[in-house]
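Biologist: Thanks for sitting down with me over this one. Could you walk me through the fold and its pocket?

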Amino acid sequence: MAVAVLLSIGEFSTMTRLSRKALRHYHELGLLEPARIDPVSGYRYYDTGQVRAAQLIRRFRDLDMPVPEVKAVLEAPDDSARDEVVAAHLRRLESRLDRTRDAISALRGLLSPGVAPIRVEFREVPAVRAAAISEVVGIAGVEQWYRDAEAEIGAVVGAVASGPLQGMYATGLFSDDLGAVTLFVPVEAELTVSGRVRVVEIPAARLAVTVHEGTHDRADRTYGALGTYVAERGIGADGPVREVYLGDRMEICWPVTSGSRP
């Protein structure tokens with residue numbers, strides 16, 4: 001059986017490619033404590049049995065794993081618990097990579113010459129009875145809020161919806177990072193509501209409407225084009241922007257003044 005040998009912090013740093021500063025930091029966090037600390041000099045000593053743990057810490061931190069999760073991996077009671085923490089972090093990395101690729105693609109589109117014209121129609125939308133969830137939401141949490149609200153409304157409405165899922169987003173959500181959001185589905189049948197779902201009347205509106213094709217995180221270009229169209233004609237009106245969700249496409253609906261024309 002190999003016997004662990006004490007190493008100075010310099011030797012251990014050379015073996016693990018973790019700097020003295022990093023080793024001291026991980027000691028302070030309780031992530032990698034020295035095998036021995038000289039009571040007089042305060043020098044830290046590590047043993048050879050800690051090399052693998054140090055290398056794991058370095059690799060996980062290179063992959064931006066939070067310190068508490070690294071600690072959970074190192075202290076996992078068994079392989080299953082360890083693998084669960086690692087797998088969750090890898091899923092987050094893959095999701096981040098997908099977002100990065102999509103952002104690069106979107107940027108290339110913005111940098112390409114020319115902007116495709118949009119088709120705009122004007123629509124009078126009557127007041128409608130709907131099953132809805134309305135809350136003030138921060139922009140950072142709006143995507144998760146949307147997913148949760150969609151699932152909650154779907155569980156209540158089931159197959160009795162009389163129209164597609166729609167959303168209304170107050171200007172403050174974008175200008176101040178906090179604003180009123182309403183997600184709703186038109187319904188005609190009587191409903192037994194639960195949780196956050198309420199039956200409300202969505203007000204009538206006159207809207208300039210265009211279609212966005214593709215993922216929601218690419219909708220900024222369509223928003224920009226429609227907003228420009230409305231602003232250049234001086235026909236914008238107060239009220240929330242609406243979105244109508246139609247599978248793989250979405251209608252973006254901008255409030256406009258009564259009597260405005262294309």
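Biologist: How many nonpolar, polar and charged residues are in the lining of the largest pocket?

Modeller: A quick note to begin with: this is a predicted model, in which local features need pLDDT of at least 70 and side-chain atom pairs pLDDT 80 or more, while totals for chains, interfaces and linings use all residues. Residues are numbered from 1 along each chain as its sequence is written, and side-chain values use heavy atoms, without hydrogens and water. A pocket here is an open set of points on a 1 Å grid over the protein atoms alone where a 1.4 Å probe fits, with protein on both sides within 12 Å along at least five of seven lines, and lining residues have an atom within 4 Å of a point. Counting Ala, Val, Leu, Ile, Met, Phe, Trp, Tyr, Cys and Pro as nonpolar, Asp, Glu, Lys and Arg as charged, and the others, Gly among them, as polar, the lining has 11 nonpolar, four polar and eight charged residues.

Biologist: Lovely! Which helix gives the most to the lining of the largest pocket?

Modeller: Helices are DSSP runs of H or I with at least four residues, and strands are runs of E with at least two, numbered from the N terminus. H6 (142-157), H7 (171-175), H8 (219-232), S10 (241-246) and S11 (249-255) each supply at least two lining residues. With four residues, the top contributor is H6.

Biologist: Which strands stand at the edges of the open sheet of eight strands?

Modeller: Two strands pair if DSSP finds at least two bridges between them. The order is S4-S9-S11-S10-S6-S7-S5-S8, with antiparallel pairing. Each edge strand has a single partner, so one of its sides is left without a neighbour in the sheet; these are S4 (121-125) and S8 (198-202).

Biologist: And in S9, what is the bridge partner of Val125?

Modeller: S4 and S9 (residues 205-213) pair in the antiparallel sense over five bridges. The partner of Val125 in S9 is Ala205.

Biologist: In the sheet of three strands, what is the order?

Modeller: Its edge strands are S1 (6-8) and S2 (36-37), each pairing on one side only. S1 also pairs with S3 (residues 44-47) in the antiparallel sense, over three bridges. The order is S1-S3-S2.

Biologist: Last one: which residue forms a salt bridge with Arg96?

Modeller: A salt bridge is a side-chain nitrogen of Lys or Arg within 4 Å of a carboxyl oxygen of Asp or Glu, and the count comes to 11. For Arg96, the closest N and O atoms are 3.3 Å apart, and the partner is Asp64.
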